[in-house]
Amino acid sequence: MAITKHVLVSGRVQGVGYRAWTQHEASLRNLVGWVRNCDDGRVEAILHGAPDAVEAMLDAMRQGPAMARVDEIIIRDSDAPQTRSFNLIP
């Protein structure tokens, strides 16, 4: 059974390729959902897929790409997304 998580990531996560990295990593794990920048400097994402794949993605998001610095990650359960792929939202 698939699970869905709503994720908010704070730190140096905008302007360092975090969204594109998230899209790539989520696609490698066969997750669907989306990722976008927030006006407050955080990155927001919805992750939907197999529980082990979602957990692996959350672990990866705690590190992020090389130029990022993750200070905090807030994870909540969420409803399933209305997408069939993983989208990067401008």
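Is Arg62 buried, exposed or partly exposed? With a relative accessible area of 35%, Arg62 is partly exposed, a class that lies between buried (under 20% relative accessible area) and exposed (over 50%), as computed with a 1.4 Å probe on protein chains only. The model is predicted, so local features need pLDDT of at least 70 and side-chain atom pairs count only at pLDDT 80 or more, whereas totals for chains, interfaces and linings use all residues. Residues are numbered from 1 along each chain as its sequence is written, and side-chain values use heavy atoms, with hydrogens and water left out.

Helix α2 spans residues 51-63, where helices (H or I, at least four residues) and strands (E, at least two) are DSSP runs numbered from the N terminus. From its first C-alpha to its last, this helix of 13 residues reaches 19 Å, close to the 18 Å expected at 1.5 Å a residue, the expected span being 1.5 Å times one less than the number of residues. Ala53, Val54, Met57, Leu58, Ala60 and Met61 are buried in α2. Seen down the axis of α2, these buried residues fall within an arc of 165 degrees, so they line one face of the helix; the arc is that of the directions from the helix axis to the C-beta atoms. The face turned away from this buried side carries the exposed residues Asp52 and Gln63. Just after α2, Gly64 takes a positive phi of about 75 degrees.

The buried residues of α2 are covered by elements that include β1 (3-12), α1 (18-28), β3 (43-49) and β4 (69-77). The largest nonpolar core, a set of buried Ala, Val, Leu, Ile, Met, Phe, Trp, Tyr and Cys residues joined through side-chain atoms within 4.5 Å, has 20 residues. Among the residues with the most contacts inside this core are Leu31, Met57 and Met61, and α2 gives the most to the core, with six residues. Leu31 touches residues that include Leu47, Ala53, Val54, Met57 and Phe86, not counting residues up to four places away in sequence, contact meaning heavy atoms within 4.5 Å.

The structure also holds six salt bridges, each defined as a side-chain nitrogen of Lys or Arg within 4 Å of a carboxyl oxygen of Asp or Glu. One of them joins Asp59 to Arg62, with the closest N and O atoms 2.9 Å apart; both residues lie in α2, three residues apart, about one turn of the helix. The side chains of Arg42 and Asp40 meet in a salt bridge (2.9 Å, N to O), and Arg42 is partly exposed at 26% relative accessible area.
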